[in-house]
Amino acid sequence: MFFGAPGHFIKFAVKSNAYDSGTVPEAARIPKVAFASLGCPKALSDSELILTQLRAEGYDTSNSYAGADLVIVNTCGFIDDAVKESLDTIGEALAENGKVIVTGCLGAKQGASGESLVREMHPSVLAVTGPHATNEVMDAVHRHTPKPHDPFADLVPPQGVRLTPKHYAYLKISEGCNHRCSFCIIPSMRGDLVSRSIGDVLREAERLFEAGVKELLVISQDTSAYGVDLRHRTGFWDGRPVRTHMTELCERLARIAEPHGAWVRLHYVYPYPHVDQVLPLMASGAILPYLDVPFQHAHPDVLKRMKRPANGEKNLERLARWREACPELVVRSTFIAGFPGETEAEFEHLLDFMREARIDRAGCFAYSPVPGASANELPGMLPADVREERRARFMAVAEAVSAEKLKARVGATMQVLVDKAPALGRKGGTGRSYADAPEIDGVVHLLPPEKASKTLKVGEFTRARIVAAQGHDLVAQPI
Ligand code: SF4
């Protein structure tokens, strides 16, 4: 190992593995990575993290570019000399090895075309990331030089161990919440919002689709707030910069899902103004036209007592705009009836909202005090029978809206994702359309196909003609 003084150029020369690539079987050969690190101590620390991860995963390091399976160059982009030195080092690694991954500050710099400067100067590099990007770098290493076999870790499938059926999966993008709704104790249990890095989230999505997932359900406590805690910093995915922001997340997820013909469904979306930007993706079908928006109430005074986020938004107008932008949009929501101090007039206001907003899928809970919630201190706790009676009245309105909406679908043809299909669907099966999230919404009961050659398979899509509405569900004939 040597240190070059001005540019802090460090070329790692770690003792080669005892195996020589020419004399051992391919399966037993340990892949080698050469590493060039330039720049300041922060870059050096990034290099250490990457090297530590390489060694933890069983990779070896090489003392020459030519003897390695690939080269990682950690660059500096601070002053012109450093940029030149970084670009020269990349060029040297490409000439001697050909397989080069670039990371570090220069990776985050844009060239004249708006593309990464590194890609402009060296289009054949395998991947480019910015600084602090150990996971993105490792992801690129895995893609181009597969990990050595680990008899313990390799028992775990690449998408991890999942509890959902093979064809759908939840993708958690953040944990915790910055709000303090008075009926909720989640922030006291899970803390403030902590968003996952966008590179990690997109990589997990990619692995899930590659493993056969056909429906990805994006979850969090507050999906619209994704990245607020990280100040929407720029992360990296697939060698390109991407902002840690809900709208960019949706765009990238849509792109990743497309070649797999898979669905992306959004849950827990608060109606902040930037959500409007996701509607075109829904109108084009890139993201399912389905929004799970937990309104909880409609009267401004109740929302204030609930300390709800986005309570100043004009939700009826917003819903109307969303539906204008995407007429297929299905909105799911949950509400609380009988919140402390709720007057009959406030409750009637909620019913009017429900009638006018025509929420497609609505659930309602009678308010129930949660130990530790600040709403317990509010005056005007209503008797249990009043809370329950209001819940029932709300659900009667919600069910009438839902029944009307489902009836309007009779005669339409919809794409249905099959969840159950005994005997390849010869006796029919069960599935869901874009309007039905698993576990919480209705289902589509599939009749046995009319054509003997038509089969239904779990995890596959089928077109089906809606022939009847039945409670919260639809009945359909596969075609
Ligand atoms: S109910 Fe309010 S405080 Fe609780 S998780 Fe949702 S937004 Fe956060």
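A residue is called buried when its relative accessible area is under 20%. In this predicted model, Ser224 has a relative accessible area of 2%, and it is therefore buried. Ser224 lies in the loop between strand 11 (215-219) and strand 12 (234-237). Its side chain reaches the backbone oxygen of Tyr270 at 2.7 Å. Beyond its neighbours within four places in sequence, Ser224 is in contact with Met246, Tyr268, Val269, Tyr270, Tyr272, His274 and Val275.

The loop that holds Ser224 also holds Arg231. Arg231 has a relative accessibility of 75%, so it counts as exposed. Its backbone stands out too: phi is positive, about 55°, although Arg231 is not a glycine. Tyr268, one of the contacts of Ser224, likewise has a positive phi, near 55°, in a residue other than glycine. Tyr268 sits in the loop between strand 14 (263-266) and helix 8 (279-283). With a relative accessible area of 36%, Tyr268 is partly exposed.

Attention now turns to the nonpolar cores. The largest contains 57 residues, and Leu266, Leu291 and Phe394 touch the most other members. Helix 7 (residues 246-257) gives the largest share of this core, 7 residues. Another core lies apart from it, with 20 residues, among them Val416, Ala435, Val444 and Leu456. Leu266 has contacts in several stretches of the sequence. Leaving aside neighbours within four places, they are Val218, Met246, Cys250, Val278, Met282, Ile287, Tyr290, Leu291 and Asp292. Leu291 is thus on the contact list of Leu266 and is also named with Leu266 among the residues that touch the most other core members.

Phe394, the remaining residue of that trio, is a buried residue of helix 12. Helix 12 (residues 384-407) has 24 residues, which at 1.5 Å a residue should span 34 Å. Its end C-alpha atoms are 34 Å apart, so expectation and model agree. The buried residues of helix 12 are Arg387, Arg390, Phe394, Met395, Val397, Ala398, Val401, Ser402 and Leu406. Several of these positions are three or four places apart in the sequence. In an α-helix there are 3.6 residues a turn, so residues with that spacing point the same way. The elements that cover the buried residues of helix 12 include strand 16 (330-337), helix 11 (344-357), strand 17 (361-366), strand 21 (461-470) and strand 22 (473-478).

Strands 21 and 22 also belong to a closed barrel of 5 strands. The order is 18-19-20-22-21, and the pairing is mixed. Neighbouring strands of this sheet are turned by 50° against each other on average, direction ignored. Strands of a sheet pair through backbone hydrogen bonds, either parallel or antiparallel. Strand 18 (residues 413-420) and strand 21 run antiparallel and are joined by 5 bridges. Thr413 stands opposite Arg465 in strand 21.

A further set of polar contacts centres on Arg323, in helix 10 (residues 315-325). The side chain of Arg323 reaches the backbone oxygen of Ala357 at 2.6 Å. A polar atom of the same side chain lies 3.0 Å from the backbone oxygen of Arg358. Not counting residues up to four places away in sequence, Arg323 touches Leu329, Val331, Ala357, Arg358, Ile359, Asp360 and Lys405.

Definitions and conventions
Residues numbered from 1 in each chain as written. Predicted model: local features only at pLDDT ≥ 70, side-chain atom pairs only at ≥ 80, totals over all residues. Heavy atoms only, no water. Helix = DSSP H or I, 4+ residues; strand = E, 2+ residues; numbered from the N terminus. Buried < 20%, exposed > 50% of the residue type's maximum accessible area, 1.4 Å probe, protein only. Polar contact = N/O pair within 3.5 Å; in protein donor to acceptor, adjacent residues only side chain to side chain. Contact = heavy atoms within 4.5 Å. Expected span 1.5 Å × (residues − 1). Pairing = 2+ DSSP bridges. Axes fitted to C-alpha atoms, helices over the stretch in contact; angles between N-to-C directions. Core = buried A, V, L, I, M, F, W, Y, C linked by side-chain atoms within 4.5 Å.
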